[in-house]
Protein chains: 2
Amino acid sequence: MGTALTWPLTDNGHQVRLVGTHLDGPIIESCKSSRQHPGLGRSIPDSVDPLSHHELASALKGVDLVVSGVNSFGVHWLAHSVGPHLTPGQRILGVTKGLETTDEGDLEILPNVVTSLLPASISHQIKQAAIGGPCVASELARRAQTCVVFGSRCPGVADELALLFRTPYYRVTTTSDLLGLELCAAMKNAYAIAVGIASGVEVGREASDGSTSGWSNLPAAVFAQACTELSEWLAVLGAARELALALPGAGDLYVTCQGGRNSRLGRLLGLGHDLSQARAMMAGETLEGVATIRALARALPQMERKGRIAKASFPLMRALIAIVVEGAQLERLAEGRGWVWQPRPDV
Amino acid sequence: MGTALTWPLTDNGHQVRLVGTHLDGPIIESCKSSRQHPGLGRSIPDSVDPLSHHELASALKGVDLVVSGVNSFGVHWLAHSVGPHLTPGQRILGVTKGLETTDEGDLEILPNVVTSLLPASISHQIKQAAIGGPCVASELARRAQTCVVFGSRCPGVADELALLFRTPYYRVTTTSDLLGLELCAAMKNAYAIAVGIASGVEVGREASDGSTSGWSNLPAAVFAQACTELSEWLAVLGAARELALALPGAGDLYVTCQGGRNSRLGRLLGLGHDLSQARAMMAGETLEGVATIRALARALPQMERKGRIAKASFPLMRALIAIVVEGAQLERLAEGRGWVWQPRPDV
């Protein structure tokens with residue numbers, strides 16, 4: 001996604017330094033030698049300068065903006081590696097989707113995590129912003145029509161950044177509700193696993209049934225429950241509900257359910273594979289939904305204890321936690337706390 | 001859908017008389033002679049008695065419930081044909097998805113239309129209820145897990161009816177918000193056309209681009225806008241916003257976008273066919289989304305005049321009206337009032 005964002009930036013005349021992490025060696029090598037990005041399957045724009053993480057210090061000199069394209073496991077790397085080179089007033093625009101849980105069991109959005117990990121001397125002088133909404137990187141790199149939301153709590157920052165990126169194909173609206181934006185971005189990956197499970201459960205029964213046409217009733221029901229719970233999370237955690245219905249919520253969940261990594265993981269779970277089997281089948285793919293479910297599993301009991309959420313709330317997320325964190329069998333879920341994944345009875 | 005509902009009913013031990021309209025002759029003939037339903041591709045349940053519309057009077061004798069499976073063009077037939085045989089206190093459960101516009105430009109949900117067309121002597125003694133939520137008929141007929149919402153303004157009626165239908169695979173929750181349920185049911189068909197257009201616009205550009213992978217960013221953006229506008233319609237028209245996020249709204253829109261008739265129509269429009277071409281290519285398929293867009297086209301100017309909605313509101317529905325009712329070219333929309341379907345520029 002970091003690379004994909006170089007299309008709107010360079011189309012707007014900006015110079016971009018594309019720095020890989022220590023995990024991106026082969027990608028940066030390819031970009032340097034042939035200008036081909038292996039993941040996106042196309043040449044990077046002319047005014048992009050690919051650099052390795054060894055060149056990070058010089059890459060960060062004099063930049064207007066740092067775009068962070070690391071995954072949720074990389075935000076600590078980002079803070080520690082990039083942090084020392086930042087100067088007061090600089091802006092970080094993150095595309096990372098995830099959540100962490102504090103020792104007190106509170107959920108923390110990633111821009112706050114980055115702030116807390118930056119050198120104390122500048123941490124509160126760095127302006128954090130983030131991107132939400134449905135955007136498949138490979139489509140953006142082909143200049144497909146894409147509508148996203150930039151969010152920042154710092155007055156004016158989201159609008160300033162939107163001006164840098166906005167093109168006829170990359171449409172940017174802005175919000176000051178960074179919390180809501182980040183909650184949607186993280187949770188839609190978790191809920192996409194749920195929709196995938198529903199799809200897998202039904203497809204898995206197709207063979208015995210003899211039918212080959214689609215099974216969408218159950219995934220659609222889970223999709224609706226996901227949207228409803230997303231809206232509840234926003235309300236419980238202090239954000240406005242509106243984003244659940246908008247690009248960052250229903251929109252991003254929709255695109256992820258059209259074959260995204262997290263929904264494919266769910267589908268494997270629904271087909272009967274356990275989490276370790278499913279992850280092995282998707283080796284090399286980042287599964288941020290799993291990390292988000294784990295963060296929620298840590299936060300949920302504490303939130304319940306503090307009276308912030310009710311015992312019967314969020315049944316779909318609780319079912320995800322049972323499967324992904326506690327290793328519950330789908331069939332067992334049917335017996336008690338399961339939601340809508342019960343096997344279809346052959347009445 | 002009317003036939004599909006005989007599965008949960010007969011699984012619950014009920015006797016069902018399945019009456020076709022004058023348009024269903026071949027279907028009822030097939031059900032009578034071989035018990036095969038040609039549309040669903042399977043045998044109807046044993047305790048279903050298929051009958052032609054000539055047998056309507058006797059079919060309605062002593063029934064506990066009338067389930068109306070006509071399409072939105074059939075509610076007038078229903079009222080005129082079934083009405084004279086109804087007795088006070090009887091219940092009609094409708095699965096029809098549509099809206100009509102009164103001469104005053106007010107939107108009217110179909111249960112109200114039926115009530116207004118029934119014989120005056122009993123019209124207000126018939127209890128109206130309706131079903132919303134994501135349910136593909138062929139899946140229900142295969143006993144796929146399906147979650148729906150029954151709605152009625154008559155106290156207790158939705159719950160009574162839910163008891164008749166509820167099975168382990170057909171899960172029914174209830175609401176008293178019949179207005180919200182019916183608005184969602186009708187409008188999701190209209191908005192599914194919009195998502196389909198987005199998909200067609202992008203797929204249509206694939207050939208020139210040389211890429212074969214999916215295009216989901218734009219359909220997902222339109223999906224989100226559809227959810228947002230659905231929620232706005234509910235608020236403007238006096239229903240609660242909640243259903244927009246739930247089974248009747250986001251859930252039903254999701255299932256319709258997975259290859260439903262209305263989204264396929266939209267896709268043809270997005271690929272560049274005009275409405276009459278697209279309809280010809282889908283001859284024989286009921287396109288209720290088009291009728292709903294027409295109803296909204298009649299209502300919108302009056303609602304604006306009365307100050308119930310603002311001029312700039314509902315940009316996606318206005319774009320649908322421009323295309324479907326006014327015959328606007330997609331390309332022309334880009335010049336002014338278009339929303340997100342502008343052709344992707346080859347920057």
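Trainee: In this predicted model, which side chains meet in a salt bridge of 3.0 Å, N to O?

Mentor: Side chains of opposite charge can pair when their charged atoms come close. Here the partners are A:Arg264 and A:Glu285. A:Arg264 belongs to helix H12 of chain A, whereas A:Glu285 sits in the loop between helix H13 and H14, 21 residues apart, so the pair links distant parts of the chain. A:Arg264 is partly exposed, at 35% relative accessibility, and A:Glu285 is likewise partly exposed, at 31%.

Trainee: Which salt bridge involves A:Glu304?

Mentor: A:Glu304 meets A:Arg318 at 2.7 Å, N to O. The former lies in helix H14 and the latter in helix H15 of chain A, so parts 14 residues apart in sequence are tied together. A:Arg318 counts as partly exposed because its relative accessibility is 21%, while A:Glu304 is among the buried residues of H14(A).

Trainee: How should one read the geometry of helix H14 of chain A?

Mentor: An α-helix has 3.6 residues a turn, so residues three or four places apart point the same way. For the 18 residues of H14, a rise of 1.5 Å a residue gives an expected span of 26 Å, and the end C-alpha atoms are 26 Å apart, which agrees. A kink of about 30° nevertheless lies at A:Ala299, shortly before A:Pro301. Just after the helix, A:Gly307 takes a positive phi of about 75°.

Trainee: Is A:Thr146 buried or exposed?

Mentor: A:Thr146 is buried, because its relative accessible area is 0%, under the 20% cut-off. This residue of strand E10 in chain A has a polar side-chain atom 2.8 Å from the backbone oxygen of A:Ala144. Its contacts include A:Tyr169 and, from chain B, B:Asn217.

Definitions and conventions: Residues numbered from 1 in each chain as written. Chains lettered and ligands numbered in written order. Predicted model: local features only at pLDDT ≥ 70, side-chain atom pairs only at ≥ 80, totals over all residues. Heavy atoms only, no water. Helix = DSSP H or I, 4+ residues; strand = E, 2+ residues; numbered from the N terminus. Expected span 1.5 Å × (residues − 1). Bend = angle between axes of the 7 residues up to and from the residue. Buried < 20%, exposed > 50% of the residue type's maximum accessible area, 1.4 Å probe, protein only. Polar contact = N/O pair within 3.5 Å; in protein donor to acceptor, adjacent residues only side chain to side chain. Contact = heavy atoms within 4.5 Å. Salt bridge = Lys/Arg side-chain N within 4 Å of Asp/Glu carboxyl O.
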